[in-house]
Amino acid sequence: MPSRRHFIQRGAALLGLAAAAPWLPRGAFAQDPGQLLQRAIPGSGELLPVIGLGTSRTFDVRLNEANLAPLEEVMRTFINGGARLLDSAPSYGNAEAVSGELLRRTGTQGKAFLASKVSAHGRERGLAQFEASLRALQSDQLDLLQVHNLQDTRSQLALLRELKEQGRLRYIGITHYREAAHDELLAVLAKEPVDFVQFNYSVAERNAEKRLLPYCADHGIATLINRPFLRGQLFARVAGKPLPDWALEVDASSWAQLLLKFILAHPAVTVAIPATSKARYMADNLKAGHGRLPDAALRERIVRAFG
Ligand SMILES: NC(=O)c1ccc[n+]([C@@H]2O[C@H](COP(=O)([O-])OP(=O)(O)OC[C@H]3O[C@@H](n4cnc5c(N)ncnc54)[C@H](OP(=O)(O)O)[C@@H]3O)[C@@H](O)[C@H]2O)c1
């Protein structure tokens, strides 16, 4: 019986040879035609659509009609497009409250996979922050709670485990957004069992390919990819440039889709979480979870196009 590592190694090797989809292991990467690509959370086997939604800055607005109406369209596009994972944090200003309000307005609370973070020192402050997140998100449970930027990691992870045992959370994780912190993430993963790790990875920030992504594949840890567009900065590098003809080889019709497909083609990636305040960008990003994914040669072409 081939091991999971065998599948991942085989997948990584074949990245150099063929389009990604044919070698994806059954179960871990399920796809029905017309459906957004899904990948399994290794620890549970639960499937998640590969495109999620970040909320940093884009959802940090005052809760009034003028601000909420366009974001409601983002949320409808997100859920109607088959996506689920929404990533927020108490430190994103009003983003949790805006997310909760949009889920209520669209009647989609039960459909989303709610991920938030804790960024506090000490158990009591962490617990108070978690309770505030639930109120803001208008939910009595979170799907995933992550220690934000490795702040007070040890005591917050102990709290998260407690909350998970009580059934108030389903999964726990840790996050960071800088390549300089990847070794620290790895050091925590070696000591503390977690379900998810969230970090930065894109054509412009490839450090995670060296150790972090392979480690997660080997140890059955789900990965969330933040800053897939380098906070939007990557679009300036291709401003005014027409999309190359070879984009069609991976069914991409925009630069954003190429950037996301570059990420999704890595077999250890579970979900990418681009942020947007525009429904048309949301629809664009969802398309990256359909059709073919790039092989190694095409991934390098995508990197060079943004070089
Ligand atoms: N430490 C942590 O845990 C941590 C750190 C960083 C990020 N994160 C998470 O990761 C999420 C994503 O990272 P990020 O928000 O820093 O940056 P990002 O997703 O790399 O970039 C977001 C920017 O890209 C633009 N954009 C989105 N889709 C587009 C499209 N199809 N075409 C053109 N432009 C598009 C958006 O513009 P518009 O605003 O005009 O829509 C937005 O300004 C965050 O929101 C957060 O949830 C977590």
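This passage looks at aromatic rings and at one pair of packed helices in a predicted model. Residues are numbered from 1 along each chain as its sequence is written, and side-chain values use heavy atoms, without hydrogens or water. Because the model is predicted, local features need pLDDT of at least 70 and side-chain atom pairs count only at pLDDT 80 or more, while totals for chains, interfaces and linings use all residues.

The structure contains six aromatic pairs (rings of Phe, Tyr and Trp, the last by its six-membered ring, with centres within 6.5 Å). One of them joins Tyr171 and Phe196, whose centres are 5.6 Å apart and whose planes meet at 70 degrees, making the pair edge-to-face (planes over 60 degrees apart). Both residues are buried (under 20% relative accessible area, with a 1.4 Å probe and protein chains only): Tyr171 has a relative accessible area of 7%, and Phe196 has 0%. Ring pairs also bring Phe113 into a cluster with Tyr171 and Phe196.

Charges meet rings here too. The charged end of Arg299 sits over the ring of Phe262, 4.1 Å from its centre (CZ of Arg within 6 Å of the ring centre and within 35 degrees of the ring normal). Arg280 lies over the face of Tyr281, at 4.9 Å from the ring centre.

Turning to the helices (DSSP runs of H or I, at least four residues, numbered from the N terminus), α3 (residues 95-106) packs against α4 (residues 123-137) at about 40 degrees, with the axes 7 Å apart (lines fitted to C-alpha atoms over the stretch in contact, with angles from 0 to 180 degrees between N-to-C directions).

Methods: Phe/Tyr/Trp six-rings, centres within 6.5 Å; stacked < 30°, edge-to-face > 60°. Buried < 20%, exposed > 50% of the residue type's maximum accessible area, 1.4 Å probe, protein only. Helix = DSSP H or I, 4+ residues; strand = E, 2+ residues; numbered from the N terminus.
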